[in-house]
Amino acid sequence: MKLRDSPIYHEKQSFWLCAKHSLNNVLQQELYTHADLERIAKYLHELHPEQAGWLKFNSHKNFLGFGDYDVNVITSALQEHGYDILWHDNRSDIEEADLSNSVGLIVHIQPDWFFRRGHWFAVKHFDQMLTTPVVPETYVGQPRAARSTSSERGSLDYDAKTFDPGFWNLDSKLVHPEHIGDRNQLNAYLRKLSTRNRVHVLLVVPLKAASSASSSI
């Protein structure tokens with residue numbers, strides 16, 4: 001089975017565009033481009049220029065234009081297509097989060113020191129059994145000359161494996177999506193991630209569901 005034949009839409013990491021990849025991965029289609037998020041970041045900057053500080057840089061993105069978008073850009077991008085986010089309260093265990101109206105999760109790993117950037121990635125539940133290519137970890141540690149390019153990998157045949165319905169890690173830094181498992185396994189995965197990093201979990205929901213949740217608080 002070839003990577004391009006995978007039933008899961010999965011964008012790979014490019015520059016610092018993990019926010020774009022997370023949005024497209026969680027919604028399973030290429031809805032957003034780099035230009036879309038640049039436009040939104042510019043709009044937010046012009047809406048509240050006082051947030052830029054004395055340097056006047058756009059606080060919603062990397063000043064060089066390579067990405068690194070903040071949660072305000074992600075929220076505005078989702079709202080353009082009829083979605084919103086609900087923040088999971090980190091004071092509560094992840095198992096208390098109601099995922100019934102969620103179309104997926106966007107997880108943020110916060111940088112733990114000044115020169116390290118944060119990272120966004122998507123987690124999504126699929127109801128059906130999925131057969132996906134499994135890429136062996138032969139690329140790790142190999143000399144560069146021994147590795148195939150991403151386009152060559154897409155044309156190669158790999159072993160295929162069928163997974164039960166469940167949650168998938170669609171991190172753009174992964175070679176291919178990774179199966180997490182059921183809700184209990186998702187809870188365990190996020191708890192473990194939180195022990196090593198400062199993590200924020202955002203539930204992606206339809207706008208109506210977000211409005212209902214807000215009015216009930």
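Working rule for today: I call a residue buried when its relative accessible area is under 20%. The model I have open is predicted.

**Overall layout**

I started with the secondary structure and got 6 helices and 8 strands. Reading from the N terminus, I noted the order α-α-α-β-β-β-β-α-β-β-β-α-β-α. The chain has 217 residues, and 44% of them are buried. For the accessible surface I have about 12500 Å², with carbon and sulfur atoms holding 53% of that. I also looked at contacts with a separation of 6 or more: residues 24 or more positions apart make up 68% of those.

**Helix α1**

Next I went to helix α1, residues 18–27. How many of its residues are buried? I get 10 of the 10, so α1 is largely enclosed by the rest of the structure. My list runs C18, A19, K20, H21, S22, L23, N24, N25, V26 and L27. I then asked what covers them. The cover includes two helices, α2 (34–47) and α3 (71–80), along with strands β1 (83–87), β2, β3 (119–126) and β8 (198–206). Just past the end of α1 I jotted down Q28, where phi is positive at about 60°.

**H108**

β2 came up in that cover, so I picked a residue from it: H108, in the strand spanning 104–110. Buried or exposed? H108 sits at 15% relative accessibility, and because the cut-off for buried is under 20%, it counts as buried. Leaving out anything up to four places away in sequence, I find H108 touching G118, H119 and W120, and also R198, V199 and H200.

Key: Residues numbered from 1 in each chain as written. Predicted model: local features only at pLDDT ≥ 70, side-chain atom pairs only at ≥ 80, totals over all residues. Heavy atoms only, no water. Helix = DSSP H or I, 4+ residues; strand = E, 2+ residues; numbered from the N terminus. Buried < 20%, exposed > 50% of the residue type's maximum accessible area, 1.4 Å probe, protein only. Contact = heavy atoms within 4.5 Å. Areas by Shrake-Rupley, 256 points an atom, 1.4 Å probe, with all protein chains shown as cover.
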